[in-house]
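Okay, can everyone see the screen? I'll walk you through two pieces of this one, a helix and then a strand.

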Amino acid sequence: QSMTDPLLFSPITIRSVTLRNRVVLSPLCMYVARDGVPNEFHFSHLTAVARGRAGLVFTEATAVSPEGRISHGCCGLWNDAQVDAYRPIAEAIASLGSVPAIQIAHAGRKGSAREPWRGGVPLDESDAANQQPPWDIIGPSAEPVGPDWPVPTAMTEQDIASMVQKFAAAAERAVRAGFKVLEVHAAHGYLIHSFLSPLANTRNDRYGGDMAGRMRFALEVAEAVRAAWPEDLPLFFRISAVDTRPGGWTIEDSVVLARELKARGVDRIAVLDHGE
């Protein structure tokens with residue numbers, strides 16, 4: 001591409017979806033939803049970016065279940081009220097020429113937290129007085145995020161199977177809400193990434209141990225979501241390239257995971273530079 005015709009501003013087609021340019025609004029958590037339902041703020045925020053002619057406009061990280069939220073202010077996609085609230089937002093983004101996209105997520109052991117402007121620390125009983133009670137968090141193992149974080153409940157294999165279906169169900173709701181690109185959040189130490197990382201995953205069953213075991217949950221989510229998401233629509237997967245502490249997930253691991261995700265129908269990998 002020449003300087004007068006930069007690649008950034010040229011169209012790109014992924015499956016049946018064509019973006020008018022390669023400018024993307026990444027998912028940005030805004031922490032202002034109620035009961036996981038997006039509102040007028042989200043409509044204004046996201047359509048403003050579409051009016052600016054971005055090619056792809058992502059909503060924020062959207063939880064597949066109530067306990068999958070980071071905070072009480074996070075959006076969700078576990079019921080029809082949330083579908084109904086997202087539909088006019090997706091329609092407005094599309095009417096402005098941008099492609100509406102959504103990221104589905106589960107915060108795992110980093111959930112049940114206060115908003116960033118209140119420190120981002122775990123909720124406690126004092127928050128219950130403000131109608132923001134803490135909830136029980138889950139993870140691959142009983143390994144807390146840090147010394148000041150609660151110990152998560154280690155998921156059983158039945159819990160894992162149920163969670164895979166929750167991701168698939170959220171994908172189906174995303175279709176009904178009118179989104180055209182879907183991304184699975186598997187970075188930043190949230191649930192899927194915590195299964196990948198040997199720092200967080202100390203299981204000794206088929207969802208832990210070696211790399212194949214630690215990747216199993218991520219790949220099962222990818223398969224289930226790809227099956228629930230229309231074949232002609234793009235599927236993205238967001239990963240952390242490396243863990244920030246020794247003995248964790250490595251760039252070589254990310255290469256292996258990316259190849260496995262591609263084999264399961266993932267179209268694009270969004271790579272972040274830090275993890276646990």
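Right after helix α2 comes Gly97, and its phi is positive, near 95 degrees. Keep in mind that this is a predicted model.

Now go to the other end of α2. Asn79 caps the N-terminal end there, with a side-chain oxygen 3.2 Å from the backbone nitrogen of Ala81.

So how far apart should the ends of α2 be? The helix has 16 residues, residues 80-95, and at 1.5 Å a residue they should span 22 Å. The end C-alpha atoms are 23 Å apart, so that agrees. There's a bend along the way, though: about 25 degrees at Tyr86, with a proline, Pro88, following within four residues.

Which residues of α2 are buried? Gln82, Val83, Ala85, Tyr86, Ile89, Ala90, Ala92 and Ile93. Here's a handy rule: an α-helix has 3.6 residues a turn, so residues three or four places apart point the same way. The buried residues of α2 pack against several elements, among them α1, β6 and α4.

Okay, on to strand β10, residues 235-240. Six of its six residues are buried. Leu235, Phe237 and Ile239 point one way, Phe236, Arg238 and Ser240 point the other way, and yes, all are buried.

What does β10 pair with? Five bridges join it to β9, running parallel, and Val184 has Phe237 as its bridge partner. Another strand, β11, is also parallel to β10 and joined by five bridges, with Arg238 standing opposite Ala270. To get from β10 to β11, the chain goes through helix α7, and that β-α-β crossover is right-handed.

How values were computed:
Residues are numbered from 1 along each chain as its sequence is written. This is a predicted model: local features need pLDDT of at least 70, side-chain atom pairs count only at pLDDT 80 or more; totals for chains, interfaces and linings use all residues. Side-chain values use heavy atoms; hydrogens and water are left out. Buried means under 20% relative accessible area, exposed over 50%, partly exposed in between (1.4 Å probe, protein chains only). Helices (H or I, at least four residues) and strands (E, at least two) are DSSP runs, numbered from the N terminus. Two strands pair if DSSP finds at least two bridges between them. A crossover is right-handed if, with the strands pointing away from the viewer, the path from the first strand over the helix to the second runs clockwise. The expected span of a helix is 1.5 Å times one less than its number of residues. The bend at a residue is the angle between axes fitted to the seven residues ending there and the seven starting there. Contact means heavy atoms within 4.5 Å. A polar contact is a pair of N or O atoms within 3.5 Å; within protein, one must be able to donate a hydrogen and the other to accept it, and residues adjacent in sequence count only if both atoms are side-chain atoms.
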